[in-house]
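I opened the model today to look up its salt bridges, and afterwards its overall build. My notes follow in the order in which I checked things.

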Amino acid sequence: MTKRLLFHYPVLNMGGAERSSLRMMRRLADRGWKITLVLTTGGGALEPLVDPRVRIVRLRPYAAGATFKAARGLRDTLAALPDLVAYGIARIIGGLRATLLWRHRFTAAVTLLQGADTRLIFRTRSERRFHWIRNDLAHLDDKRRIVDRIARADAGLDGYICVSRAARDSLVASLPCTADKAHVVHNLVDASDMREQSQREGDPFPDRRGEEHRIVTVCRLSDTAKALFRLADICAALRDEGHVFRWFVLGDGPDKERLRARIEALDLKDILILPGRTQNPFPWYMHADLVAMVSYFEGLSGVINEAKIIGAPVLATRVSGVDEQLIHGVSGWIVDNTRDAIFEGLERLLADPDTLAKLRTVGLAPAILDDEAKLDALEALFLGTSGKAVT
């Protein structure tokens, strides 16, 4: 019997959820699954990294509509009419391509992001249907919309795949009816591939200035989740206390220019550096003195997994899933999710080389590293051979 999977994702831009999804698809293809990846909108930055064995269907071949939606006043609205027309054409194309998916049968169809529209997987001829939960729902700004969308689809779903126990707990707390169908399967990490990528390039940092520490953060440049403006304030406070360091924030996103403005306002342009987006963050982890994950919330931080596999010391805010990844003071340094706690944690580590060295020596918990067990659990779900929800 041919094993066929359909995965649906909105757009494949840079991000931890996207990278973990690509790893999972590659490993499932290794196990003989025929995979179709349906993207609501094509053209995402990560598309070139999709395994060539994966068939990509782009419902809308390009992004359109944002200019028209943002238009204010008659002149801007008229100027944006071509964008509205392009959006309408893309929607028509998307509808036709979605209809054509009915020709194929799938073992399972999966919506890969919580809150994404599940109607597409219900329009396919699939034996089982699943919804991925990648965040602690309690912390999402649009929690009510996401929970309502999940609730409407629940009766037709065979299960939920949650990336951490905390993500599962948040789902069940919001919708108790999901308890028997909510499974925990941590993101795949593919440790050997990450280590190989860390060796592809040399030290990416500029030359070290004296005794400075080099801190690195990798994230989407969105303050809502990643606490970028708080990060800048902490950076300024560390400078004012006389610490010698440079903090490199890798990534791109909607708040990049606002972050640049804050850097200018705080006179941090020589200390808080924005190198931009990178497809290979692993050399940065390898050569960093400290990796800082200071988000307001996560589901299961991919940056923590990546950095620890490379052997980097990590400071992390207490977000969902972090206690499943790190042991405070042993494999990482976990701080309360406040400005003062992050500042105090960074001060402690920057002044304590022995603790930094110790944090390099202990890696992730075995459950996080065991990709084969995760793949076994996913296959059992997709094939309908698993039992009670894994908690």
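**Salt bridges and overall build**

I began with the charged pairs of this predicted model, and found that the structure holds 34 salt bridges. The one I looked up before the others joins the side chains of Arg-27 and Glu-372, with N to O at 2.3 Å. Arg-27 belongs to helix 1 (residues 16–30) and Glu-372 to helix 18 (residues 371–383), so this pair ties together parts that are 345 residues apart in sequence. I then asked about cover: Arg-27 has 16% relative accessibility and counts as buried because the cut-off is under 20%, whereas Glu-372, at 38%, counts as partly exposed.

For a second entry I took Glu-257 and Arg-260, whose side chains meet in a salt bridge of 3.7 Å, N to O. Both residues lie in helix 11 (residues 256–265), three residues apart, which is about one turn of the helix. Glu-257 is exposed, with a relative accessible area of 54%, and Arg-260 is partly exposed at 35%.

My third pair was Asp-352 and Arg-348, where the closest N and O atoms are 3.1 Å apart. Here I noted that the acidic partner, Asp-352, is buried at 16% relative accessible area, while Arg-348 is partly exposed at 41%. Following shared partners, I also traced one network of salt bridges, whose members include Arg-27, Asp-30, Arg-31, Glu-372 and Glu-379.

I next looked up a residue without a charged side chain: where does Gly-115 lie? I found Gly-115 in the loop between strand 4 (105–111) and helix 5 (119–122), and at 4% relative accessibility Gly-115 counts as buried. Leaving aside neighbours within four places in sequence, Gly-115 is in contact with His-131, Arg-145, Ile-146 and Arg-149. I also noted that Ile-150, 35 residues away in sequence, has its C-alpha 6.7 Å from that of Gly-115.

Last, I recorded values for the chain as a whole. I counted 18 helices and 13 strands in the protein chain. Its radius of gyration is 22 Å, close to the 21 Å that the globule rule gives for 391 residues, so the chain is as compact as a globular protein of that length. I noted that 55% of the 391 residues count as buried, and that, among contacts between residues at least 6 apart in sequence, 67% join residues at least 24 apart. For charge, I wrote down 57 positive and 50 negative side chains, with the centres of the two sets 9 Å apart.

Technical notes
Residues are numbered from 1 along each chain as its sequence is written. This is a predicted model: local features need pLDDT of at least 70, side-chain atom pairs count only at pLDDT 80 or more; totals for chains, interfaces and linings use all residues. Side-chain values use heavy atoms; hydrogens and water are left out. Helices (H or I, at least four residues) and strands (E, at least two) are DSSP runs, numbered from the N terminus. The radius of gyration is taken over C-alpha atoms; the globule rule is 2.2 Å times the number of residues to the power 0.38. Buried means under 20% relative accessible area, exposed over 50%, partly exposed in between (1.4 Å probe, protein chains only). Contact means heavy atoms within 4.5 Å. Lys and Arg count as positive and Asp and Glu as negative; His and the chain ends are not counted. The place of a charge is taken as NZ of Lys, CZ of Arg, CG of Asp or CD of Glu. A salt bridge is a side-chain nitrogen of Lys or Arg within 4 Å of a carboxyl oxygen of Asp or Glu.
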